[in-house]
Amino acid sequence: MAKENFEAALGKLEELVRRMEAGDLTLEESLKAFEEGTRLARFCSRKLDEAERRVEILLKQGEDLVVKPLAGEDREDG
Amino acid sequence: MTRSAAAQFILVIPYFFWYCHDGATDMINEVLTVSALNSRIKDLLEASFELLWVEGEVSNLRRPASGHVYFTLKDDRSQIRSVVFRSPFASRAAFPNHRPVFDPEEGMQVICRARVGVYSPRGEYQLIVESMEPKGIGALQLAFEQLKNRLEKEGLFAAAGKKRIPFLPERIGIVTSSTGAVIQDILTITGRRFPSAHILVAAVRVQGGEAPAEIIQAIDRMNAVGDVDVMILARGGGSPEDLAPFNDEGVARAIYRSRVPVISAVGHETDFTIADFVADLRAPTPSAAAELAVPIRRELVANLEDLHHRMFHLYQRMTLRFRERLTAVCERLKDPKRRLTDLRLLADDRLERMHRALRRRIEERKQDRARLESRLGRVCPAVRIREQRSALDRTRATLIGRAGKALERGGERLNFLTAMLDSLSPLAVLSRGYSIARRRSDGRIIRRAGDVSAGADVHVRVAAGSFDTRVTRVCEE
């Protein structure tokens with residue numbers, strides 16, 4: 001599986017909650033849904049909290065393309 | 001090339017030449033060959049009409065395999081053969097400032113920048129067109145329409161080919177000028193909406209002759225090494241000429257082949273460029289592109305928290321529900337002794353009900369019997385015998401009465417009949433003096449004298465008694 005994607009994870013979480021709301025899950029299924037949902041929620045929230053803002057610039061140095069921090073970019077606080 | 005449409009040199013030989021043939025030979029300074037003449041004409045014409053602007057209507061348009069475009073430029077009175085050489089050197093040389101080359105179409109009114117060329121081998125002259133502009137409609141606009149139509153037919157704008165813009169890109173590529181408001185706007189807005197979004201800027205010139213090549217390169221590089229999830233191709237507002245790089249075919253194709261989804265945001269909301277049509281998503285402005293590229297983190301967090309919350313509650317509710325079910329089931333799971341008691345009670349109850357039912361049945365039967373008895377009493381044979389007997393008695397009395405009467409009547413009748421009988425009786429006749437004589441031998445009544453013979457014994461009956469006698473004589477009549 002490719003790297004997990006926020007949107008897919010959020011979609012799965014929504015689907016799980018919807019199924020739980022429909023109320024036709026067995027106890028095992030609902031336990032599994034809860035565990036999976038907790039994992040997805042944690043994953044999504046980690047994605048949201050992840051990393052500082054980074055602004056870079058794509059430059060060509062000689063024959064190579066390099067990525068460098070953009071000069072003059074002010075850090076912004078949400 | 002059609003003969004009729006071609007402007008040609010025709011050698012006009014003066015009429016007098018033939019008449020003055022002999023005496024006027026020295027009037028002619030020199031005798032030229034055709035080649036020499038055409039060569040001189042070529043020099044003369046090409047020098048005189050080096051570069052000029054000609055206006056006319058395109059007709060007899062032809063595009064042979066050579067790639068050159070041949071047509072006749074005409075007005076209402078005259079026409080001239082024309083050609084556009086599609087040589088890369090010619091076109092680059094002719095359009096150093098990247099003027100768009102539009103394709104002439106049949107019947108189109110155009111203004112050509114051209115020189116006159118002479119094709120000596122055929123003695124023909126024509127316009128060598130270096131550039132042309134459609135009359136009325138701007139060349140830029142027409143080139144735009146033509147490129148748009150062509151790319152559309154090719155399928156570069158097809159909705160099916162549009163890539164989905166990712167919901168939450170981890171890294172956003174921005175292809176735009178490193179200076180100016182556009183990049184600042186995009187950085188500000190993405191930063192505000194999603195503070196942790198990574199941004200990779202590819203700085204390019206967004207106007208002028210070098211711009212298309214730089215933009216193409218930037219798009220390709222973003223694909224090759226950028227590791228971006230979405231790309232914004234942006235430029236602020238400007239004149240139509242300023243936006244020209246975004247109407248460049250090469251830029252359009254670079255957007256089309258990009259694996260990374262491209263959001264275009266060129267100029268103002270009302271400006272539509274070819275790039276906008278090819279892009280996977282068109283944003284009206286660079287700021288809007290930034291909004292389309294990243295969601296608002298705060299909202300996502302709230303949504304996620306809500307989902308998590310709901311899920312937790314659902315789970316709690318569900319476990320509670322299962323627990324309740326379990327309790328309910330446990331309650332129903334009873335001690336067999338209790339079941340026995342229950343059964344006993346049930347049996348008692350049933351027995352009691354059975355007794356009651358039995359008693360009721362007996363009572364009912366008793367009533368039935370009484371009813372039947374009374375009915376039977378009414379139909380008892382003794383009664384009937386009594387009844388019949390009395391009927392018999394009555395009948396008998398009647399009978400006796402009637403018999404008496406009949407007897408009485410019979411007596412009367414007997415008397416009557418006796419009287420009648422008396423009157424009819426032979427005895428009565430006898431009493432009147434008659435007698436009955438019978439043969440003694442056989443008792444037969446003697447009706448004729450011949451019935452007896454003398455000496456026969458005869459019995460004679462008279463009214464009172466009888467006597468025997470003997471025949472003495474027979475007197476027959």
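# Close-ups of a predicted two-chain model

**View 1. Chains A and B share a sheet in this predicted model.** Seven strands line up as an open sheet in the order S2(A)-S1(A)-S7(B)-S6(B)-S8(B)-S9(B)-S10(B), and the pairing is mixed. Look for the edge strands and you'll find S2 of chain A and strand S10 (281-282) of chain B, each pairing on one side only. A handy thing to keep in mind while tracing a strand: in a regular strand, side chains alternate between the two faces of the sheet.

**View 2. Here is the spot where a strand of chain A pairs with a strand of chain B.** S1(A) runs parallel to strand S7 (residues 198-203) of chain B, and four bridges join them. Want one pair to look for? Val55(A) has Ile199(B) as its bridge partner in S7(B).

**View 3. Further along the sheet, two strands of chain B pair up.** Strand S6 (residues 171-176) and strand S8 (residues 230-235) of chain B are parallel and joined by four bridges. Gly173(B) sits opposite Met231(B) in S8(B). Helix H5 (residues 181-193) of chain B lies across S6, S7 and S8 of chain B together with S1 of chain A. The angle between H5(B) and S6(B) is about 165 degrees.

**View 4. Now for the contact between chain A and chain B.** Chain A puts in 32 residues and chain B puts in 29 residues. On the chain A side, the elements giving two or more residues are helix H1 (6-22), helix H2 (27-49), strand S1 (54-61) and strand S2 (64-69). Which of them gives the largest share? That would be H2(A), with nine residues. Sorted by class, the side of chain A that touches chain B has 17 nonpolar, four polar and 11 charged residues.

**View 5. A helix from chain A meets a helix from chain B.** The axes of H1(A) and helix H10 (residues 297-332) of chain B come within 10 Å and cross at roughly 30 degrees. An angle under 35 degrees counts as roughly parallel, so that is the label for H1(A) and H10(B). Their crossing is left-handed. From H1(A), the residues that meet H10(B) are Leu13(A), Glu14(A), Leu16(A), Val17(A), Met20(A) and Glu21(A). Across from them, H10(B) offers Leu307(B), Arg310(B), Met311(B), Leu314(B) and Met318(B). By class, this contact has eight nonpolar, no polar and three charged residues.

**View 6. Chain A on its own, with a stop at Arg19(A).** Chain A has two helices and two strands, which follow the pattern α-α-β-β along the sequence. Of its 78 residues, 22% are buried. Take contacts in chain A between residues at least 6 apart in sequence, and 33% of them join residues at least 24 apart. Arg19(A) belongs to helix H1 of chain A. Is Arg19(A) buried, exposed or partly exposed? Arg19(A) has 16 C-beta neighbours inside 10 Å, so it counts as partly exposed. Leaving out residues up to four places away in sequence, Arg19(A) touches Leu25(A) and Ala33(A). Glu29(A) is 10 residues from Arg19(A) in sequence, and their C-alpha atoms are 10.0 Å apart in space.

**View 7. Two helices of chain B pack side by side.** Helix H6 (residues 211-226) and helix H7 (residues 249-257) of chain B have axes 9 Å apart, at an angle of about 10 degrees. H6(B) and H7(B) are therefore roughly parallel to each other. Pro212(B), Ile215(B), Ile216(B), Ile219(B) and Asp220(B) of H6(B) meet Gly250(B), Val251(B), Ala254(B) and Ile255(B) of H7(B). The contact of H6(B) with H7(B) has seven nonpolar, one polar and one charged residues.

**View 8. Hairpins link S1(B), S2(B) and S3(B).** Strand S1 (residues 52-62) of chain B is antiparallel to strand S2 (residues 69-74) of chain B, with four bridges joining them. Arg62(B) has Tyr70(B) as its bridge partner in S2(B). Six residues lie between the two strands of this hairpin, and Gly67(B) in the turn has a positive phi of about 95 degrees. S2(B) then pairs with strand S3 (residues 79-84) of chain B, antiparallel again, over six bridges. In that pairing, Leu73(B) has Ile80(B) as its partner, and a hairpin joins S2(B) to S3(B) through four residues.

**View 9. Zoom in on Asn60(B) in strand S1 of chain B.** Most residues other than glycine have a negative phi. Asn60(B) isn't a glycine, yet its phi is positive, at about 50 degrees. With 18 C-beta neighbours inside 10 Å, Asn60(B) counts as partly exposed.

How values were computed
Residues numbered from 1 in each chain as written. Chains lettered and ligands numbered in written order. Predicted model: local features only at pLDDT ≥ 70, side-chain atom pairs only at ≥ 80, totals over all residues. Contact = placed C-beta atoms within 7 Å. Nonpolar A, V, L, I, M, F, W, Y, C, P; charged D, E, K, R; others polar. Pairing = 2+ DSSP bridges. Axes fitted to C-alpha atoms, helices over the stretch in contact; angles between N-to-C directions. Parallel < 35°, antiparallel > 145°, perpendicular 65-115°, else oblique. Left-handed = near helix turned anticlockwise from the far one by under 90°. Buried ≥ 20, exposed ≤ 12 C-beta atoms within 10 Å, placed from the backbone.
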